[in-house]
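Colleague: I'd like to learn how to read a model like this one. Could you walk me through it, starting with the places where chains meet?

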Amino acid sequence: MAEKYLMKGNEALAEAAIRAGIDGYFGYPITPQSEVLEYFSKWLPRKGIAYVQAESEVSAINMVYGAGACGKRVMTSTSSPGFSLMQEGVSYIACAQIPCVLVNVQRGGPGLGTIQPSQGDYFQAVKGGGHGDYRLIVLTPNSVQEQADMVYKAFDLSEKYLNPVLILSDGALGQMMETVEFKEDYVRPEFDDSWATTGKMTNRGMNTITSLYIKPEDMEKKNFELQAKYKIIEENEVDYELCHMDDAEIGYIAYGLSSRIVKKAVDIAREQGIKVGLIRPKTVWPFPKDVIKKYSEQVKAYLSIEMSVGQMIEDVKLAIDCKIPVEHYGKTGGIVLSTEEIIEKTKDMLNKY
Amino acid sequence: MEIKGYIEVDIQKCKGCQLCATVCPKAVIGYSDKTNDKGYYYAIMVNEDCIGCGNCAIVCPDSVITAYRAAKK
Amino acid sequence: MAETITKNGQEFDVVWKKPNLQKNDMHYCPGCAHGTLEKLLQEVIDEKGIQHQIIGVSPVGCAVFAYDYMNCDMQEAAHGRACALATGIKRVMPEHAVFTIQGDGDLASIGLAETLHACNRGESIIILFYNNAIYGMTGGQMAPTTLPGQITSSSPDGRDPKLSGMPLKVANIVKEFDGTCYVTRQAANNAVNARKLKKAIEKAVDNSLNNRGTSFIELVGNCPSGWKLTPVESYKWWEENMLKYYPLGDLKTEGGIK
């Protein structure tokens, strides 16, 4: 049995990164993410691992670019306004195909917003965020345990596909304390860094890491290459969890913190004899389209539940070509969902459909 | 007749910027009548006074000049 | 040992030949000293035999294609972010020399924060700052380093210090930081200056390899196209105006955070 620790989500995330063999962390303080940076600031220098508190998020993401392009395991973390600042660098990293892990511990927006939890950065996470045709792999933990587990997975996926991987968390998951166990049998998969800038040896040509393709034909070719990679990721890396979907008449779809509250709502509804179930995306890009489509043959309607005014609902509608009704329930501004309201909404939907 | 030095110019790469001529202590470098494929009047030696100092070569932004100096006997 | 060849029965030493740059023709305009900077850097890399132990960062600006000329591993940064990339590289590859090549728009304007903080942290990187007082690649707009009264495409009546301030002397700023170990201003308008520039690059590479702190070399350069002058006219303007406002020489030769 692995040892159990009582930790904050932010700390668990940082500890998992150290255990996964991180080579460098570059970040900037912002609430409600700062514990990640603080945890690293204590442990990385003591272990002789690269750590820089950068002058800005803009700088931090570019340090990740530089170090990641040397083939090292690197990471940054931030919260919503900081992730907006990083978008320039994220776009460059996606095009230059540099493996790295990004963490957005979301808070309420837009603007300076609030420091309370939110899921308002969904579009930014799954539709690009920065300029150009690119995708991040986006993992969505819903517990402190998953905040840790998904770090190993994020590093592995980023190196497997040479693509930035985003862990889309939120202020509640970052701040809450739960017990967590760390993998004891983790082995870093083999990683070919022959493309990286490690100093030009005589047995190879020079390695250049760039996102500049000035000739339109070259840029188009690069985009096709990226799209081909994204297609493979979509075919292989979709991850989700099903809960009471077998006989559900209304299907809930919720990820991250929302999915925990929705699970509770499923239990309460079932006690009242209401047949509901939950499809919980553990990756929101690639989005679990197929399973949502499959259950659209069975359920009367879907309820997309998010801590936003309705962003993921668009992907749900796309997944089923709008063939059955999809409604949204959400809270915003840092306010957490209510199980009572979810059940009320469900009853309304059952009457309607 | 022995000479003190000479230069070779990669004429297709020369951009005719004339910086070499401005740093030559012996006024050895002039410009061609015809242009190269890029359309530049490239650097040429116009006399045999070159002393092989290499000034032209080291300042040439396009590294098109190779400079030679007579070996000491 | 100097290389020797025989021509017409006479023996010659090779005084200077092209270093191990890539074969591509440089895209720089005729007379632009950007090419001089890169070839001198490549000479230093060749002579020290450190091709395997140096990583460069090219900027956004005229040196954006430096990776098509330099013969070593290179990364291409976003506008202004070269020093952040270099920090990331150096922190995970401390045995390597790391350099950036950046123009004045990139370094002194949009990337000033990254530059100053890298210098202040004393990152053991080489910052090669090509200051020609103008945005070259973008089409000759005013830069923070543009001289008072200098006409550019975005200061058509000449830079007015009341509107835009005075030219930023970045070398003077970074020399004040404990993190910098070598701050110098060099030019490449004649052979004497080009040779001094090469010496400065040698010293800076040495500092980076030995983790002594930040080396900042400002190359006071020219921009014939942006200045709207012929190359030969630009050499004159370079000497009479640029070198007057940005005097050459070492500003600091010792330092770094101990």
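Modeller: Sure. Between chain A and chain C, about 2500 Å² is buried, and carbon and sulfur atoms give 63% of that. Keep in mind that this is a predicted model.

Colleague: Why quote an area for an interface?

Modeller: The size of an interface is often given as the accessible area lost when the parts come together. Here, on the chain A side, A:Glu55, A:Lys200 and A:Met206 lose the most area to chain C, together 23% of what that side buries. You can also look at who takes part: 32 residues come from chain A and 32 residues from chain C.

Colleague: What about charges? How many salt bridges are there between chain A and chain C?

Modeller: Three salt bridges. One to look up is A:Glu88 with C:Arg81, where the closest N and O atoms are 3.1 Å apart. For a salt bridge, the cut-off is a side-chain nitrogen of Lys or Arg within 4 Å of a carboxyl oxygen of Asp or Glu, so this pair qualifies. Polar contacts get their own count, and chain A and chain C have 17 residue pairs of that kind, both residues at pLDDT 80 or more.

Colleague: Which elements of chain A give two or more residues to the side that touches chain C?

Modeller: Those are β3 (50–53), α3 (57–68), α4 and β9 (208–209) of chain A. Of these, α3(A) gives the most, with seven residues.

Colleague: Can we zoom in on one residue there?

Modeller: Try C:Leu85, in helix α2 (residues 82–92) of chain C. Leaving aside neighbours within four places in sequence, C:Leu85 is in contact with A:Asn62, A:Tyr65 and A:Gly66 from chain A, plus C:Val57, C:Gln75, C:Glu76 and C:Ala77 from chain C.

Colleague: Is C:Leu85 buried or exposed?

Modeller: Buried, because its relative accessible area is 0% and the label applies under 20%. As for spacing, the C-alpha atoms of C:Leu85 and C:Val98 are separated by 9.7 Å, with their positions 13 residues apart along the chain.

Colleague: And how does chain B meet chain C?

Modeller: Same way of reading. Chain B and chain C bury about 2700 Å² between them, with 58% of it on carbon and sulfur atoms. B:Ile58, B:Pro61 and B:Ser63 supply 23% of the area that chain B buries against chain C, more than any other three residues. The contact takes 31 residues from chain B and 36 residues from chain C.

Colleague: How many salt bridges does this pair of chains have?

Modeller: Two. In one of them, C:Asp25 pairs with B:Lys13, the closest N and O atoms being 2.8 Å apart. On the chain B side, β1 (5–9), α1 (19–23), α2 (55–59) and β4 (65–70) each supply at least two residues. The largest share, six residues, comes from β4(B).

Colleague: Now away from the interfaces. Why does A:Gln97 count as buried?

Modeller: Because its relative accessibility is 15%. A:Gln97 lies in the loop between α4 (80–96) and β5 (100–106) of chain A. Beyond four places in sequence, A:Gln97 touches A:Tyr161, A:Leu162, A:Lys222, A:Glu225, A:Leu226 and A:Lys229.

Colleague: Where does A:Val238 lie, and how accessible is A:Val238?

Modeller: A:Val238 lies in the loop between α8 (216–236) and β10 (240–243) of chain A. At 31% relative accessibility, A:Val238 counts as partly exposed. Together with A:Tyr240 and A:Leu242, A:Val238 makes a nonpolar surface patch of about 220 Å².

Technical notes
Residues numbered from 1 in each chain as written. Chains lettered and ligands numbered in written order. Predicted model: local features only at pLDDT ≥ 70, side-chain atom pairs only at ≥ 80, totals over all residues. Heavy atoms only, no water. Patch = residues over 30% accessible without salt bridge, like charges linked within 9 Å, V, L, I, M, F, W, Y side chains within 5 Å. Areas by Shrake-Rupley, 256 points an atom, 1.4 Å probe, with all protein chains shown as cover. Helix = DSSP H or I, 4+ residues; strand = E, 2+ residues; numbered from the N terminus. Buried < 20%, exposed > 50% of the residue type's maximum accessible area, 1.4 Å probe, protein only. Contact = heavy atoms within 4.5 Å. Buried area = accessible area lost by both parts, 1.4 Å probe. Polar contact = N/O pair within 3.5 Å; in protein donor to acceptor, adjacent residues only side chain to side chain.
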